[in-house]
Each structure stands twice: as structure tokens, then as C-alpha cells.
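I am opening a notebook on this structure and will write down, entry by entry, what I looked up.

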Amino acid sequence: MIAYVKGTVAHKNPSFVVVEAGGIGYHINISLYTYTRIEGAQTVTLLTHFHVKEDQQTLFGFYEEQERNLFRLLISVSGVGPATALVVLSSMNAEELRAAVIGEDVSTIRKVKGIGPKTAQRIILDLKDKMIKESGESPTMLSPQSNTLRSEALSALVNLGFGRPAVQRALNRVLAAHPQTATPEDLIKLALRELSS
């Protein structure tokens with residue numbers, strides 16, 4: 001119904017912004033990511049999602065289309081409401097969320113306040129295929145053993161100073177290309193090669 005709001009910032013804080021457009025002040029809920037992008041701005045254009053419930057109508061705003069798309073994907077998951085989706089997008093950026101979902105990284109998603117193990121698994125189950133289709137990454141079918149290998153390799157590589165999203169993408173590619181990898185050491189070596197190429 002409302003695709004975007006463009007106007008002067010009347011008030012802003014890390015959780016919402018009031019944008020005056022055409023003499024009307026729109027109260028728009030935002031993520032921390034969007035807040036950091038508009039922090040110094042006097043005028044803004046925010047892409048919006050208009051959410052209607054029986055007892056309230058709420059406007060959510062996003063700096064980028066990618067963030068709005070992820071928000072809409074998240075609220076399509078049973079048990080994830082708009083407030084929770086906003087917390088997810090405030091806790092990790094789009095790239096980190098994609099990597100965690102595609103890599104079936106339950107522990108990363110569980111670190112988000114208000115997300116329990118069941119909800120984290122439901123997010124992965126519901127969104128993995130959609131995100132793979134969107135990103136063009138090849139899916140990796142992980143056995144319980146390769147899941148353990150993956151989390152050990154992930155934590156070792158992050159401790160070495162590599163960024164988590166880059167490591168998750170490298171591990172996805174390595175496990176797709178070498179599904180028979182048997183030890184964390186082998187997986188780390190292959191991932192290091194991938195990360196330095």
C-alpha cells in the first residue's frame with residue numbers, strides 16, 4: 001500500500017524514525033542497520049512495509065531493497081513476527097543472515113535475542129531453498145557428521161581473524177565440492193585455500 005516514504009527527519013532513534021512527508025509525520029520502525037545508514041541524514045527515502053493486524057497498523061522502513069526482502073522472508077516464517085524480524089536484521093547484516101541460513105548455522109541464528117532453537121531451525125527450513133535460489137549458491141546436503149566438522153572449522157577460522165560470512169561461504173563451497181572431507185583439519189586447509197584465492 002505504501003511503497004516508500006520520502007521526507008524530512010523530524011525525530012530518529014535506533015528503533016524508529018519520524019519522517020515528515022506532505023505535512024504528515026510517519027512513525028516508521030527501523031533496524032539498527034538502517035539507523036546507521038541514515039544517522040546523519042536530514043532527509044531520507046525509506047522503502048516501507050505496511051503491516052496490518054486486527055488491533056494495529058505499523059510501518060516498517062528499510063534503507064535498501066535487500067533488507068526489505070529479507071524482512072518479508074522472515075515474517076513469512078511461522079512464529080516470526082515483524083518485531084522479531086527487525087531484531088534479526090539489527091543483530092546481523094543481510095550477508096551474515098544469508099550465510100547462516102544457507103550454511104544451516106543454527107547457533108548463529110540462536111544468538112539473536114528472542115530466537116530459540118526451534119524458531120532458528122524453522123527459519124533455516126523455510127528460507128534456505130528460497131535464499132539459495134536468490135543467491136545462486138549450490139545447496140550443500142550436510143550429514144550430522146559434516147555439521148560438526150563445519151562448526152569446528154567455522155570457529156577455528158573465525159578465531160584466525162576471518163569474517164564469519166566469508167568463512168561460511170567458503171565452507172559451503174568446500175563441502176559442496178568435497179563432501180567426503182573427514183577431519184576438521186582437512187576442512188580448514190581447503191577453506192583456507194578458498195579464502196585466499
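**Entry 1: two helices**

At what angle do α2 and α3 pack, and how far apart are their axes? I noted beforehand that the model is a predicted one. For α2 and α3 I found an angle of about 135 degrees, with the axes 9 Å apart, and that makes α2 oblique to α3. I then looked up the handedness, and the crossing of α2 and α3 is right-handed. On the α2 side the contact is made by E67, L70, F71, L74 and I75, while α3 contributes P82, A85, L86, V88 and L89. Sorting the residues of this contact of α2 with α3 by class, I got nine nonpolar, no polar and one charged.

**Entry 2: the barrel**

Next I turned to the strands, where I found that five of them close into a barrel in the order β1-β2-β3-β5-β4, with mixed pairing. From one strand to the next, the twist averages 55 degrees. I followed one pairing in detail: strand β1, residues 4–12, and strand β4, residues 43–52, run antiparallel and are joined by five bridges. As an example of a bridge partner, I noted that V5 is matched with L46 in β4.

The helices of my first entry came up again here. Helix α2, residues 65–75, packs on the sheet and touches β4 and β5, its direction making about 15 degrees with that of β4. Helix α3, residues 82–91, lies across β3, β4 and β5, and runs at about 15 degrees to β5.

**Entry 3: an annotation**

I checked the UniProt record, an unreviewed entry, and its annotation "domain: Helix-hairpin-helix DNA-binding motif class" covers residues 72–91 and 107–126. Over residues 72–91 I read 70% helix and 0% strand, with the end C-alpha atoms 16 Å apart. For residues 107–126 the chain is 70% helix and 0% strand, and the end C-alpha atoms are 17 Å apart.

**Entry 4: another helix pair**

Which residues of α8 and α9 make their contact? Before answering, I looked up the geometry: helix α8, residues 164–177, and helix α9, residues 184–196, pack at an angle of about 115 degrees, with their axes 9 Å apart. That angle makes α8 roughly perpendicular to α9, and the crossing of the two is right-handed. As for the contact, α8 supplies A166, V167, A170, L171, R173, V174 and L175, and α9 supplies L187, L190, A191, E194 and L195. By class, I recorded ten nonpolar, no polar and two charged residues for the contact of α8 with α9.

Methods. Residues numbered from 1 in each chain as written. Predicted model: local features only at pLDDT ≥ 70, side-chain atom pairs only at ≥ 80, totals over all residues. Heavy atoms only, no water. Axes fitted to C-alpha atoms, helices over the stretch in contact; angles between N-to-C directions. Helix = DSSP H or I, 4+ residues; strand = E, 2+ residues; numbered from the N terminus. Parallel < 35°, antiparallel > 145°, perpendicular 65-115°, else oblique. Left-handed = near helix turned anticlockwise from the far one by under 90°. Contact = heavy atoms within 4.5 Å. Nonpolar A, V, L, I, M, F, W, Y, C, P; charged D, E, K, R; others polar. Pairing = 2+ DSSP bridges. UniProt positions renumbered as here; feature names shortened; annotations may be inferred.
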